[in-house]
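Reader: I have a model open and would like to go through it with you. Could you take me through the charged pairs, and then the rest?

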Protein chains: 2
Amino acid sequence: MATVNKTAHTFDKARLDALLNRRFFYAPAFEIYGGVAGLYDYGPPGSALQANLLAEWRRHFIVEEAMLELDTTVMTPAPVFEASGHVARFADWMVKDTGNGEVLRADHLVKGVLQARLDGDKEARGAAPVAAAAGADDKKKKKKVKTVAVRLEDAVVAEYESILAQLDNYSGPELGALMRTHAITNPGSGNAVGEPQQFNLMFASSIGPTGQHPGFLRPETAQGHFLNFSRLLEFNNGRVPFASAQVGRAFRNEISPRAGLIRVREFTMAEIEHFVDPLDKSHARFNEVADVELVLLDKYTQAAGQSTTRRMTIGAAVKEGVIANETLGYFVARIYAFLLHIGIDEKRLRFRQHMANEMAHYATDCWDAEIQNSVGGWTECVGCADRAAYDLTVHAARTGAALVVRQALKEPVVEERAVAEWDKKALGKTFKGDAGAVSKAVEALDEAGLMRLKGELAQGPAKIRTADGKEFALESTMLAIERKTFKTSIREFTPNVIEPSFGIGRILYCLLEHSFWSREQDVERGVLSLPTVVAPTKVLIVPLSARAEFEPLVREVSLRLRKAGIHARVDDSNTSIGKRYARNDELGTPFGVTLDFASVQNRTMTLRERDTTTQLIGSIDAVIETVIALVGGGLDWAAACGRLAAYDGVQAVEAEAEA
Amino acid sequence: MATVNKTAHTFDKARLDALLNRRFFYAPAFEIYGGVAGLYDYGPPGSALQANLLAEWRRHFIVEEAMLELDTTVMTPAPVFEASGHVARFADWMVKDTGNGEVLRADHLVKGVLQARLDGDKEARGAAPVAAAAGADDKKKKKKVKTVAVRLEDAVVAEYESILAQLDNYSGPELGALMRTHAITNPGSGNAVGEPQQFNLMFASSIGPTGQHPGFLRPETAQGHFLNFSRLLEFNNGRVPFASAQVGRAFRNEISPRAGLIRVREFTMAEIEHFVDPLDKSHARFNEVADVELVLLDKYTQAAGQSTTRRMTIGAAVKEGVIANETLGYFVARIYAFLLHIGIDEKRLRFRQHMANEMAHYATDCWDAEIQNSVGGWTECVGCADRAAYDLTVHAARTGAALVVRQALKEPVVEERAVAEWDKKALGKTFKGDAGAVSKAVEALDEAGLMRLKGELAQGPAKIRTADGKEFALESTMLAIERKTFKTSIREFTPNVIEPSFGIGRILYCLLEHSFWSREQDVERGVLSLPTVVAPTKVLIVPLSARAEFEPLVREVSLRLRKAGIHARVDDSNTSIGKRYARNDELGTPFGVTLDFASVQNRTMTLRERDTTTQLIGSIDAVIETVIALVGGGLDWAAACGRLAAYDGVQAVEAEAEA
């Protein structure tokens, strides 16, 4: 029993979906009202799994690095997103079916159709048909493109593969051109689609009783960090680097979400904004992660139409310039460690670099942690970008707030430079309304320009051109240009931002896929091998039956586990112990303890481990002590087997479950 | 030093606001954009305080009672709120200034003006003027009604007091009548105001790319529980009672919020929906709370225009019918215990019963936990209502989903009752399109009615009136009425809902007010005496200076506290230890440890307590052990003073702070 074969059955998405639905990990929201695409409610195990993921996230990032946590509002007045660029650019390209008016996301349409053609080609060349992976939760609406076994020219296959490798790099007009070139129509109706149009993904609303303030629901938590930058800096005693962190809800009005938790209209994010000196992006703890080796897919490889990854240490990646700087590399490594810690399969995790057109124009470098799953293939679950000084700069420009760091210089900087000193009266009298523009034009000159002007003025009137192109004649009576000495003891700069941004729902779904398997002897008996640290419930307490004589023991064991801070759950429902264990295997509960007549007589208790189904026995005290150590992480199951005696009632109980 | 006088200075709201702003507990959101009324961001201490409050809430309610936690969406399609009644009734009464168009909340206007007149009367009768309590965070917009010392007739005073005592009981038209009778105008402009109009408080948006699905942001989390009722019931193995619980964001488009955290447009709620058999609202753990004594203000007292409270035990209140049932009483007591546990002042806490018109028409009984504060007076912070079967019934009616509990009866119920058996053919032939209405009308008859009809039919044709008032003649050929025996082994019922609903921001603000005081020797030295369990940071680690030799010790102490799960923070900023302690008194940090040259030489460390400012000294090991016990709650400061030696460096350090 102790050897476990988790791969006896191939992964079955429909079986997993049925389990998640049956055990209420999550379900379509407003289901009794017919549901709304892209909105999901989390039930008790889903909520607990999410809460545990977030608790680990806080420990791993916020506590470990003393980040400053924030909680800012979702509702946001329009000017904020005008400044940030979201009103103009936070959009996807959509196309309309010219026949029935259905709206589709342009890139998803291209991907679906070309992938189906490639699958059909493979089939025509003799491969087994590709299994459809329709989810149980959105069966009705699933419009997986049908595969037809048609062989393609080798050159066409290569072209399609190249298009798919760089799909994220195409603009709307380019997607439109691709659809025309490759005769891509709406597979649902067979109708042609129109030209791609931009659709802004923010949900709009308005604030106040007279509707006077247009607002949006934030599509990310980031702006809340940037707007509070000055307060955060002050809280951190004026020093950089520091990071703020926030866990919160965000909203995106996705065009036609049909991918379960992978693409939703409302979701929980966890975001970090690490503010750093643009001249020094080293990281004090980089040496702790330099040897971490991970799988990278860089932008050059993708731009060449390839998707070949390579293993590299973070140290080497930063040294060779694959990853832009130490701080970005540090966070990539920390993200990697976090994902493995909570149970993501290392073999289905890679970091993909954004391509030139894909990346925001201001960003320096950006890497996505992609997790492979049956719904979205390699799916972005965490983004990690160096956003340079973009965000603080646009908000400062819009509001006039000084979003800068002021640093006392150890040695004052002394420099001599030319300055213009004006006779303001003469200036105003001569140029009237243009006086401001004229003085601005002069002050915009560099050192050489100023010195040249000084020379010209010594000769007579000198021409100056203002920003709007008009020319004026300056005379030496209006201004004197002199070289002066300046001493600066403060350096002022706009910090750069490194932003790791986590989509919690996507990570949670991938984790469920990676954790799911069926018992070798019975494909119907599903198990979620969630790591103890994130499992919704740590310990199941099972009294043999609901008889009154077990009650005091159930209460004692519950209370002692609760006092130890362990989330346990009693299942005294009217069904066999084996069935109750099987139900909790589906819930991912790692340990179970059983109270029976022997417990009443001898104060013994059995302890069962989920994956192996092996059972141990000991005194109630010894078992509780062992459980506390197992849950606390100080003990593994092999060690627990050395502490407590094996229990041979195990066969009977498990056999009963299979009956 | 060990005796502390927390009431040496009278409470100063402006001073508290300045502290909260300076230490970034919270601040107006979008401040650099000019802010938006009713939206606030929480900074690091505010976020941590809120997180700790919620962690205690989860422990106190969810863990203690094994509630089922949910996480449902904010975005909600319109039909849900049409069914729930929110589209029609979730509104406040507003009035418009007839001159400048300003929008005011009708009840707030009446309250403000009458209260100012009463204050003016008191002043005219010789009392000291009432201090204005404008908040620093919304100074600009604060429109506190100005008090003028005018003496009122005694009868008028009595009338105003009676109106204020039952203010929540008035409808919009009644408020309009009050404004006319008492010549209430907009105090800001002196203009008359129009008739009260309803304004729906839900933020509207629309879902999907073509705007086809109108939606609202939830104004409470409750509907998410009700819509998932069947899944929750199944998760709980089909049994009631059980409770679901949810912590989440909610949104209300308040008319003109000007009361800081007391009235906001976006807030965090914590809600419980306890589903219970309508025939049995006893609670299994009621005996644990029966002796809890608390302060009640019942509906009869208020309806009589009084606000006299009385102390009562929960046991007596339920027995005497003051509180409707045991389950409602149990939750009132649990709410009370929670609020005291997190630090609310018992003397500023009462439970007020809703008056007849104030309560939703379907509700059985409703009690608000009101906490007294300087902004809103006695302010509802938790509601606790018995909502009967309303919510499940309206959603079941709208969707056709069976939101019921099916309970196997121990003994099948056998009953004999009359039933009509139809000759469907004859019925249809005679009444055609009305056949359905006719059979419905007969089946709606009670036992006596059916037996009367049987008698009439035996005589000849009998008249029956359908629901829409038409009359038809029935004949004995169409139906036979017989008494038959029925055996039922399943009882089906819609459970009732007891709903405790917490406004976390309001509780948090009241807690800050109740925790705030200034040191006797210096009013400028503010302290937040937050209980350790909710304090944002538990321990401040203070190295004497930022010198390198303290670094290893700082790291060691930090790491050991972090491993023990204690949230500590290092402050190595370039300022005196006294100033750093003073800053942390403002942050509510209960303990501080100092590392100095003695620490390096002898491995000793001092430990300071926030409220008394007393300091102890011991080995680093002993101090850490003591701190762990203090934070864990197993030790109080008096006991800690018995464990470690007093430190007499204390005077020097504190004196320095005052310098």
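**Salt bridges and the interface**

Author: This is a predicted model, and a good place to start is a network of salt bridges that links A:Asp168, A:Arg350, A:Arg352, A:Glu358, A:Asp368 and A:Glu370.

Reader: How many salt bridges are there over all chains?

Author: The count comes to 112 by the rule used here. One of them joins A:Arg22 to A:Glu586, with the closest N and O atoms 2.6 Å apart. A:Arg22 belongs to helix α1 (residues 13–22) of chain A and A:Glu586 to helix α19 (residues 577–586) of chain A, so this pair ties together parts that lie 564 residues apart in sequence.

Reader: Is A:Glu586 buried or exposed?

Author: A:Glu586 is buried, its relative accessible area being 7%, while A:Arg22 counts as partly exposed at 39% relative accessibility.

Reader: What does A:Arg105 form a salt bridge with?

Author: The partner of A:Arg105 is A:Glu254, and the closest N and O atoms of the two are 3.7 Å apart. Since A:Arg105 sits in strand β6 of chain A and A:Glu254 in the loop between β10 (242–251) and β11 (266–276) of chain A, the pair ties together parts that are 149 residues apart in sequence. A:Arg105 counts as buried at 12% relative accessibility, and A:Glu254 is buried too, with a relative accessible area of 6%.

Reader: And A:Lys347, buried or exposed?

Author: A:Lys347 is exposed, because its relative accessible area of 69% is over the 50% cut-off. Its side chain meets that of A:Asp345 in a salt bridge, at 3.6 Å from N to O.

Reader: Changing topic, how many residues of chain A are in contact with chain B?

Author: There are 77 residues of chain A in contact with 77 residues of chain B. The area buried between the two chains is about 6400 Å², and carbon and sulfur atoms give 59% of that. Of the area that chain A buries against chain B, A:Ile32, A:Tyr33 and A:Arg231 supply 12%, which is more than any other three residues.

Reader: What about salt bridges across the interface of chain A and chain B, how many does the rule find?

Author: The rule finds eight across that interface, including one in which the side chains of B:Arg562 and A:Glu64 meet at 3.3 Å, N to O. On the side of chain A that touches chain B, helix α2 (residues 44–65) of chain A gives the most, with six residues.

Reader: How can chain A be laid on chain B?

Author: A turn of 179° with a shift of 0.1 Å along the axis lays chain A on chain B with an RMSD of 0.4 Å. The two copies are thus related as by a two-fold rotation axis, and in chain A the C-alpha nearest that axis is the one of A:Ser205, 2.7 Å away from it. The copies meet through the same surface, because 100% of the interface residues of chain A are also interface residues in chain B.

Reader: Last topic: how many residues does helix α5 of chain A have, and what covers its buried ones?

Author: Helix α5 (residues 106–124) of chain A has 19 residues and reaches 27 Å from its first C-alpha to its last, close to the 27 Å expected. Among its buried residues are A:Leu109, A:Val110, A:Val113 and A:Leu114, and what covers the buried residues includes β5 (91–96), β6 (103–105), α6 (154–165) and α7 (172–181) of chain A. After α5(A) comes A:Gly126, whose phi is positive, near 110°.

Methods. Residues are numbered from 1 along each chain as its sequence is written. Chains are lettered from A and ligands numbered from 1 in the order in which they are written. This is a predicted model: local features need pLDDT of at least 70, side-chain atom pairs count only at pLDDT 80 or more; totals for chains, interfaces and linings use all residues. Side-chain values use heavy atoms; hydrogens and water are left out. Copies are superposed by least squares on the C-alpha atoms of residues with pLDDT of at least 70 in both. Contact means heavy atoms within 4.5 Å. Helices (H or I, at least four residues) and strands (E, at least two) are DSSP runs, numbered from the N terminus. The expected span of a helix is 1.5 Å times one less than its number of residues. Buried means under 20% relative accessible area, exposed over 50%, partly exposed in between (1.4 Å probe, protein chains only). Buried area is the accessible area (1.4 Å probe) that two parts lose on being put together, summed over both. A salt bridge is a side-chain nitrogen of Lys or Arg within 4 Å of a carboxyl oxygen of Asp or Glu.
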